[in-house]
Amino acid sequence: MLNQRLLTKDNGTDGHLVEKLYVAEAATCDSHWYLAMTIDRENYQPAIIVSKEGGVELDVLISEQPDSLFTFGFGMSEGINNALVQDIQQRLGTTDQEMAKLTHILTQMYSIFRDREATHLEINPLGRSLDGSFTSLNAIFTFDKAAEQRQEEVSALRDKTQEVPDEVEAEKHGLVYVRMDGDIGNVVNGAGLAMATNDAIGFHGGASANFLDAGGKATKETMIQAFRIITRDERVKAILVNIYGGITQCDMIAESIIGATSELDIRVPMVVRLQGTNSEKGLKMLEDANLGLVVESDFGQAAKRAVELAESR
């Protein structure tokens, strides 16, 4: 496996180069459980998710065995207390021995969750042996990216060679870029507007090739970098630029679009929506540049037009 590329459903079409191998002694167990500690965003609290049918992805459990999943909300300040443990044991129907072992694991997970500012800790599968003991057979831990400077020890474990190269490059320029599965490239300022843009594209039958938040303080340089990352993605058949100018000035965005079109030789159709500060000036600049852009003022119509252009190619 060393020096070969490992392909999974989560690491793109090129996979990841295997540079390290971890070898562990085989564990014997009679069943596989699923155990996670995560953020319940609907109820604004941490939660524990348990299933006795582990060894498969959580989305598979949700769709195929939803009744096997048990969720237990708890308070961050209270942690793993007796009331929570009793509730888990009663609903899962575990023995005292199983619950003692499970409580130890949950207590350790809670310490990591709290002290290391994690957002999702998952053990899947959690192997259960006949004697009631448990063994972590595979784990995925996710930590709050905003806590990187506070959590230097955790951040030092980051291996950027195992990440999507475009996402790493975007980060260097202050851009938030996430590769997705569609064919419409997005350049947007603000995370909320970027999510709404992806939703609007999906509503009109399309699919985004990326999530890209240029931030509220985007500059001409960062915008050109955003276009550079998107245009080298061979999957992209159309680009949607959706900018609301608050701090960001729309004439600067227009200047960036003109510069990027000239510098990068963009050959896919582009839909541009500019609203807010200096939007009229920005739109006039684009009109005078005569770049063949599709300009839309309505959010929904801009998304719809981008989908139509992508489908026509």
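Trainee: In what sense do β10 and strand β12 pair?
Mentor: Strands here are DSSP runs of E with at least two residues, and helices are runs of H or I with at least four, both numbered from the N terminus. Two strands count as paired if DSSP finds at least two bridges between them, and for β10 and β12 (residues 238–245) there are five. Within this pair G185 stands opposite I239 in β12, and the sense of the pairing is parallel.

Trainee: On what kind of model do these values rest?
Mentor: Residues are numbered from 1 along each chain as its sequence is written, and side-chain values use heavy atoms, with hydrogens and water left out. Local features need pLDDT of at least 70, side-chain atom pairs count only at pLDDT 80 or more, and totals for chains, interfaces and linings use all residues, the model being a predicted one.

Trainee: How many residues of β10 are buried?
Mentor: In a regular strand the side chains alternate between the two faces of the sheet. I184, N186 and V188 lie on one side of β10, with G185 and V187 on the other, and both faces are covered. Buried means under 20% relative accessible area, exposed over 50% and partly exposed in between, with a 1.4 Å probe and protein chains only as cover. By that standard the count for the strand, residues 184–188, is five of five.

Trainee: How far apart are the end C-alpha atoms of helix α8?
Mentor: The expected span of a helix is 1.5 Å times one less than its number of residues, so the 15 residues of α8 (residues 250–264) should span 21 Å. The computed distance between the end C-alpha atoms agrees with that expectation, at 20 Å.

Trainee: What covers the buried residues of α8?
Mentor: The residues of α8 that count as buried include C250, M252, I253, I257 and A260, along with the acidic residue D251. If contact is taken as heavy atoms within 4.5 Å, the cover over these buried residues includes α7 (220–231), β12, β13 (270–276) and α9 (279–289).

Trainee: Which residue follows α8?
Mentor: The helix itself runs over residues 250–264. The residue after the helix has a positive phi, near 55°, and is D265.

Trainee: How many salt bridges does the structure hold?
Mentor: Side chains of opposite charge can pair when their charged atoms come close. The criterion used is a side-chain nitrogen of Lys or Arg within 4 Å of a carboxyl oxygen of Asp or Glu, and the total for the structure is 18.

Trainee: How many residues apart are D30 and R128?
Mentor: The side chains of D30 and R128 meet in a salt bridge, N to O, at 3.1 Å. D30 lies in the loop between β2 and β3, whereas R128 belongs to strand β6 (residues 118–128), so that the pair links distant parts of the chain. D30 counts as partly exposed because its relative accessibility is 42%, and R128 counts as buried because its value is 17%. Along the chain their separation is 98 residues.

Trainee: How far apart are the closest N and O atoms of R128 and E98?
Mentor: R128 also forms a salt bridge with E98; because R128 lies in strand β6 and E98 in helix α3 (residues 96–115), this pair ties together parts that are 30 residues apart in sequence. E98 counts as buried, since its relative accessibility is 6%. The closest N and O atoms of R128 and E98 are apart by 2.4 Å.

Trainee: Which residues do salt bridges that share partners join into one network?
Mentor: The side chains of R158 and E171 meet in a salt bridge of 2.8 Å, N to O. R158 lies in the loop between α4 (152–155) and α5 (165–172) and E171 in helix α5, so this pair ties together parts 13 residues apart in sequence. R158 is partly exposed at 27% relative accessible area, as is E171 at 29%. Through shared partners, one network joins K145, E148, R158 and E171.

Trainee: How far apart in space are D199 and A303?
Mentor: D199 has its place in helix α6 (residues 191–203) and is exposed, with a relative accessible area of 57%. In sequence D199 and A303 are 104 residues apart, whereas the C-alpha to C-alpha distance is 9.3 Å.

Trainee: What share of the residues of the chain count as buried?
Mentor: The secondary structure of the chain comes to 10 helices and 14 strands, and its C-alpha trace spans about 75 × 45 × 40 Å along the principal axes. Of the 313 residues, the buried share is 40%.
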